[in-house]
Each structure stands twice: as C-alpha cells, then as structure tokens.
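Work through the two exercises below with the model open. Try each task before reading its solution.

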Amino acid sequence: MEEPTAVAEVSEKTALRLHEHLERIYGPEVATEVHPRFMKLMAEAADRCARRPRRDRVVDESDVLLITYGDHVQSSRRRPLESLREFIEKYLAGIVSGVHLLPHYPSSSDDGFAVADYNAVDSTLGTWRDVVRLGDAFDLMLDAVVNHTSASNRWFTGWARGEPAFDDFYISLDPEAETDEVVRPRATPLLTPVETVRGLEWVWTTFSPDQVDLNYANPEVLLAISEVLFTYVENGAQALRLDAVAFLWKRLGTGCIHLPETHEIIRLWRTMLDEVVPGTLIVTETNVPHTENVTYFGSGDDEAHLVYQFPLAPLTLSAFHLADTSTLTDWLSGLPQPSPHNAFLNFLGGHDGIGLRPAEGLLTPGEITHLCDLVRAHGGGVSYRAKPDGSMTPYELNTVFFDALNPIDLEEPDEVRIARFIAAHGILLALAGVPLLYINALLGSNNWTQGVHETGRLRSINRRKFDEEALECELGDVTSLRRRVLDGLGRLVRVRRAEPAFHPAGTQRVLLAPQSVLALERLSPDRSRRVIALTNVSGRPRRVQVEGPGPDVALVDLLGSRKVRTDRDALLDITLAPYGVSWLAAEGLQPSV
C-alpha cells in the first residue's frame, strides 16, 4: 500500500505574490482573510497533480493543435471520447501534436458552453479516464468556461434557493439600472428574469439567458473556479483555455470588459499554476480587436502564454476573394513580435464562426458587407451584436472556411477549390505562432445547413459530427474530397513541424511582393534556418521577384523538388501556380553573430 504523501509547501515568494494579487482585487482586509484558503488550495492541488507530466518548453515549431468536440467521431461500438482518440491516432498521427477538447462537461445549451457541472464529464461522451488517456497520448488543452455557468448548474440553483454557500455567486440588478455602456457580444438581453426565494430577480447574462455570469467580486467565486482549474490539470490538461475571460469583472459605468481586476485574476491564476504545475499554459479567448487582445500577454511572463490571432481568418478570407493581400500584409507588417515566453494561436476556422469584430478598422464596412453577402450566398449566415446605441452590427460569419473561400455562381472543379483551401492554410502554417486546425477543416467539410434547421442555431453550420464507419469509408477513397483535403493539409503540416524556421519565437518579416502574393521570411531563433514562404491568393500564375537571403544563394522548395537560386542582386525570381504555395529554404546558412 502506498504511503500518504505530505502536503506540499508553497514557496514564500509565491505566497507573497498571491497576497498582492488578492489585495489588488479585493483590498487588504479581504485579501488577508482569504489568503490562507488560497494557500491551502494550492498545497492540496500540488499533491494531487504531483504525477502529472510537466512541459519543459512553452511551444515550438512542432506544436499543431486539433480543435474538436468530444463526440465529433461517433461509433456504436465505443464511447465518443474513445472513438475520437483512436481516430486521431490512426489518421492524424504526425499531423497534430495536441488536442483542444471543446467543453466535455454536462451542459444545458450552446454545445457545452453552458456548463451544468464543472467537475464531471458528460456521460454520453465518456469518463475522466477517457480524458486522461487523451492527455496521455497528446498535449491536451481543456476549456475553462470561467465567465458563466448554466442556469441549471448546482451553484445557480443553490443561489436561487437562497442557500448560504452560494450567496452573491451571481449578479442581480434592478432592471432599470443603467447598463447602456456595457459591451455586448450578442444581441440577447443583458438581464434575464429568474424566480428565486427572494422573489423575481434580474440576473446578468452576457451571452444567453441560460448562461448566467459569475460574480467575481465575491472571493468565494474566485476560490471555487481556481479549484476547478486545478481539477482540469489533475486530469491531464497541459493548457487551459479561459473562455470569454475578457468579461469576467463587472462595474457599472464601464464597458465591463478588460477591466483591471480581470487582468489581475489572470495574473493570480498564472502565479498559482506556475507554482503548482509549472509549464501549464494559460490561453485567453478574447474575440476583440487586436490591440485589446494582445493586452492579455501582460508583461510577457505574468498573464497568458498564448492569445488567439482573431483578425487572421477574416483578413485571409478577404485576401482570397479580392486576390489582394494588401490589407493582410499591412496588418502583418505592423504586428509586434511577442516575447519568447508568448505566442499567437493562429486559426482560420473553429467551432464558432469567423469573427468580424477583430476586423473592425482593418476591413472597410463595404468589405465586411461583401463577406457577409458571400457567406449567405453559400448557405451560411451572419450573427449580429447590439452596439451601445442600440443598432446592430455583424459580429460573426457562420460558415465553414472551405465554402466561404469559394466564389459565388462559379462552377469550379474540386481541384481548384482544394488548392485554394490548401493555399489559405499555407499562410496559416507559415505565420509565427501555433497553428490550430479544426476537425471539420482537416476533413474538408461543407456547410451543414441541415444542422442549422435541426437546432435552430446558426453556429451549428460548422459543427457537423461524423459517423466513424462512414468517415473511414470516405477516407479510404483516395479520390474523395475529404481524403484529398486531409492529404494536402497533412503534407504541409508535416513539413512545417520539422522546420526550425517556423518556430513561434523565430523572426517573421513581410517581404515586398505583388499584391496577389503574400511573401514572408521566417528565421529560426538561432538564425541557422531561413525560409521564404510564398502564397499566391489568385487563380492565375504569378511571377514573383522578392528579396532573397543573399546573392547567388541556392534554395530548395520544401514542398517539392524545385530548386532556385538568387541572382547577383540577391533577388529571387519564381513563378507560382494558381493558388500555389512555396516554402523555399536556404541550405547551409551559418548562425548570425
């Protein structure tokens, strides 16, 4: 029988830092009162998580994550989480290094994002053992839905019944309260009426009537959610995605987004996780304009390790439709490089649609309207949010990226559509950061309009689930669209994962090129490897002359057998096929001094 281990001790430095976080959030009196309980939570969590593997790095070029729901691959023979793991091991080995598992908890709505029980696994998906096994096989990122719970969550029903343990866990307001300044991500009402033992109360619901915002002004809430985060790490999470974290703290008279207390809470979680399970990555999900988004890097080593690159998807989509990379190039040219401790998460598609708010100020209103029209023409939809003046503005394109890329009323062979889709991901994979690949993108899915009709929700359009046997049949046919997309993307990903020049901390420089071509120079952190990444966003051949690594330097295309050489002026002259992608590596370069 195993001897019980002693309770771990928290370092004095961490204890002091933790108290400082609490004091900035709640003031000195409350901080002193609750500090011992946070310390106890950390010590107990350290014991429970002692055997979990630690990451010895932040990220490198080999990191590529799959985004998937737990039931995306369904079988009559075994539980969905088990089917998913076996599918990834069989078909995606060498393509993805990790998995972003979307909410797998019991939930009442929003495909998992209205969590009914933080500490359980939806029994229709599997058990915690299945989650742990997935984390043993791949780097695992779990969703921490920290802003709100389901209205059916035990915490909320306890609050409504007046149970003392849940006093002030949620926010109720006078329905006449002045809330016009509150930033709204959706068009649903901010306040929702609920019957309680105290009578009718109006609770704060940022996202939907079934998603009730937690009240972090009560330190008991922060303590409870902190315990949830450690539970996820104990069960295999190497990264925690803090969903909708920008809305965490509320203060009337403000936009109730990005408030200082929100950033301080993230810093507190970073301090706690760094002490208990060093190497656990914090990811902030903040679907907002880029300048607001990057504030969650903090000072580089005290808030998020990773933030999403939200403008990339709408800007890439626009570039292909206009056959013009100018806006994308301008944006990339102005991006500051994160610290070596941080990186961007780059993605073109996910479980949500294509966010438009991050494109505000980058794309013109006319260009955004054009994208909305294109998406509708392909059977997709557009979601709207309410602005402070009460008007409505497009918030999200509800579509799969594959269909959104295609022109309207133009019959094209699959070869062209696949080449265009692969080219868009050529941009994604060449950029500095960690690529995320949604399972429906890897499998070349079209808009699932039937799903929208079945659920009544626009977001269902890119949440198609797969029958395992039917999917394996399709992938067994080398001529099927799904197999051709997977093979094409897999080829690019495998090359990217083996190339040090694509390290997230490596240098990225935009090169001057024709407007229909995106040209990037990527340089490994030790400057020993250099790649010129070229992508033609047009359907016509394009001759490209760009700055090379030096005069008379030989380069080889990592994606093919083509070899080219720069001229005496260090210019590289190459012709790209329609939607062509070339990653040209200069061999034999020595590290710079």
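Two exercises follow, one on a helix pair and one on a sheet; the model is predicted.

**Exercise 1.** Classify the packing of helix 9 (residues 312-322) and helix 13 (residues 414-430) by angle, and list the residues that make the contact.

*Solution.*
Step 1. Take the geometry. The two helices pack at an angle of about 135°, and their axes lie 11 Å apart.
Step 2. Apply the cut-offs. Roughly perpendicular ends at 115 degrees, and roughly antiparallel needs over 145. Helix 9 and helix 13 are therefore oblique to each other.
Step 3. Assign the hand. The crossing of helix 9 past helix 13 is right-handed.
Step 4. List the contact. Helix 9 supplies Leu-312, Thr-316 and Phe-320. Helix 13 supplies Arg-420, Ala-423, Ala-424, Ile-427 and Leu-428.
Step 5. Sort these residues. The contact of helix 9 with helix 13 has 6 nonpolar, 1 polar and 1 charged.

**Exercise 2.** Give the strand order of the open sheet of 3 strands, then place helix 11 (residues 365-377) on the sheet.

*Solution.*
Step 1. Read the order. It is 14-16-15, and the pairing is antiparallel.
Step 2. Find the edges. Strand 14 (354-355) and strand 15 (381-386) each pair on one side only.
Step 3. Check one pairing. Strand 14 joins strand 16 (residues 392-398) over 2 bridges, in the antiparallel sense. Gly-355 has Glu-396 of strand 16 as its bridge partner.
Step 4. Add the helix. Helix 11 packs on the sheet and touches strand 15 and strand 16. The direction of helix 11 makes about 45° with that of strand 16.

Note on methods. Residues numbered from 1 in each chain as written. Predicted model: local features only at pLDDT ≥ 70, side-chain atom pairs only at ≥ 80, totals over all residues. Heavy atoms only, no water. Axes fitted to C-alpha atoms, helices over the stretch in contact; angles between N-to-C directions. Helix = DSSP H or I, 4+ residues; strand = E, 2+ residues; numbered from the N terminus. Parallel < 35°, antiparallel > 145°, perpendicular 65-115°, else oblique. Left-handed = near helix turned anticlockwise from the far one by under 90°. Contact = heavy atoms within 4.5 Å. Nonpolar A, V, L, I, M, F, W, Y, C, P; charged D, E, K, R; others polar. Pairing = 2+ DSSP bridges.
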